[in-house]
Amino acid sequence: MLTTNGSVPERRLSEVIAEHLRRTARVNPSDAERRSWDRSLPVLARDLVDAGLGAVEMLVEYQLPLTSKRADVVLAGVDRRTSGDAYVVVELKQWSQAELFEDDPKLVLVGGMSGGPWLHPVLQVEHYCEYIADFVAALEGRSDALRGVAYLHNATRQSVPGLFDLALDSNVRLFTKTERSAFVGYLRDRFENAEGHPAAERLVNGRVQPNRPLLEKAANVLKGRDKFILVDQQQKAFETVRHAVEGAFAANTKRVVTITGGPGSGKTAVAIELLHYMASANSPEPDLGQRTRRIRPDRLRLHGPGPGVRLGGRDHRP
């Protein structure tokens, strides 16, 4: 994770970030990832400047606690209303066009990108926020301190039909370049133009709360008392299987989705969340039960290597 307040020239920004990640995380960023930094980070920085918020800190490639997953940017500053710490997790997308995958509100196809469907960016950033809030002790009991934004700065509202239909609460927002002025207004409403470094330090260096043991948490998930917070490919894997299950049931057929990944990549968490989802799908609730009734949790299998969803690392394509 790199902290920047505009002191690094834009033309050198990707070099600085790449060197930082090589040194601290032993990660060698791809050329595509470097290009994404050069094209997206200056856009966000200029929006902050235009909002009169040059003192807000940008935490670039913020590493989520106890995982190798990284969020594009976390903005850290002072809440305009409460004068307390305020944070906005920003997922930057270079997409110019995108549409819902087979009318599924949680999966999208992106123009010019293979390998889809992809997780809806609003859902992606929502889970980043949930994960950070769950592990960072400084945010415990402070739901007002953390917000999320998916910023499709190359797209227009008309070029991403359906993506605005995913109704989440006001804690997570979606903006395109059509809504740039609204995004600048959102930033002004969120932050004071005050030094953001202290808030950034408290987030980065604050105490991390260890998660409960896996078996205890798994039992509570299956009882509906808790949930695993899935991020990136984990959530994509969950939504891909969910979509396949509902589609197979509607067509009265069978489908196989393979989930692969190394130790610690999240296969167990995905499997347990799927078990809970499938068990809940047999509930008497009309909207859920009618779509997925008679789904068999005992038929869930995690297969060996093969085509499907790969867990582990982070997909750094635009």
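**Strands, a packed helix and ring pairs in a predicted model**

Let me begin with strand β3, residues 70-78, which is mostly covered, since nine of its nine residues are buried. I should say at once that what we have on the screen is a predicted model, and everything that follows should be heard with that in mind.

β3 has partners in β2 and β4. With strand β2, residues 57-63, β3 pairs in the antiparallel sense over six bridges, and β3 is also joined to β4 by six bridges, again with the strands running antiparallel. If you want one residue to follow across these strands, take Leu 75 in β3, which is the bridge partner of Met 58 and which also stands opposite Val 88 in β4. The connections are hairpins: β2 and β3 have six residues between them, and in that turn Leu 66 has a positive phi of about 60 degrees, while the hairpin of β3 and β4 likewise has six residues between the strands, with Ser 83 taking a positive phi near 65 degrees.

Staying with β4, residues 85-93, we find Lys 93 in that strand. Is this lysine buried or exposed? Lys 93 counts as buried because its relative accessible area is 9%, below the cut-off of 20%. Beyond its sequence neighbours within four places, Lys 93 is in contact with Pro 121, Gln 124, Tyr 151, Leu 152, His 153 and Asn 154.

For contrast, consider Arg 202, which has its place in helix α5, residues 197-205, and which is partly exposed, with a relative accessible area of 43%. Setting aside residues up to four places away in sequence, Arg 202 touches Asp 85, Tyr 87 and Ala 138, and its C-alpha atom is separated by 9.7 Å from that of Val 136, 66 residues apart along the chain.

Next comes an open sheet of three strands, in the order β5-β6-β7 and with antiparallel pairing. The edge strands are β5, at 98-101, and β7, at 118-119, each of which pairs on one side only. Helix α7 packs on this sheet, touching β5, β6 and β7, and its direction makes about 110 degrees with that of β6. Strand β6, residues 104-110, pairs with β7 over two bridges, and Val 108 has Trp 118 in β7 as its bridge partner. Over the face of that same Trp 118 lies Lys 236, at 4.2 Å from the ring centre.

As for α7 itself, residues 233-251, its 19 residues should span 27 Å at 1.5 Å a residue, and the end C-alpha atoms are 26 Å apart, so the two values agree. The helix is mostly covered, with 15 of its 19 residues buried, and it is followed by Asn 252, whose positive phi is near 55 degrees.

Finally, the aromatic rings, where a search of the whole structure finds five pairs. Phe 175 and Phe 183 form a tilted pair, 5.2 Å centre to centre with 50 degrees between the planes, whereas Phe 183 and Tyr 186 are stacked, at 6.5 Å and 15 degrees. Why are Phe 183 and Tyr 186 separated by about one helical turn? Because they are three residues apart in helix α4, residues 180-190. Both of these residues are buried, and Phe 175 is buried too, with a relative accessible area of 2%. Ring pairs link Tyr 151, Phe 175, Phe 183 and Tyr 186 into a cluster, and Tyr 151 is one of the residues in contact with Lys 93.

Technical notes:
Residues are numbered from 1 along each chain as its sequence is written. This is a predicted model: local features need pLDDT of at least 70, side-chain atom pairs count only at pLDDT 80 or more; totals for chains, interfaces and linings use all residues. Side-chain values use heavy atoms; hydrogens and water are left out. Helices (H or I, at least four residues) and strands (E, at least two) are DSSP runs, numbered from the N terminus. Buried means under 20% relative accessible area, exposed over 50%, partly exposed in between (1.4 Å probe, protein chains only). Contact means heavy atoms within 4.5 Å. The expected span of a helix is 1.5 Å times one less than its number of residues. Two strands pair if DSSP finds at least two bridges between them. Axes are lines fitted to C-alpha atoms, for helices over the stretch in contact, and angles run from 0 to 180 degrees between N-to-C directions. Rings of Phe, Tyr and Trp (its six-membered ring) pair if their centres lie within 6.5 Å; planes under 30 degrees apart count as stacked, over 60 as edge-to-face and the rest as tilted. A charge sits over a ring if NZ of Lys or CZ of Arg is within 6 Å of the ring centre and within 35 degrees of the ring normal.
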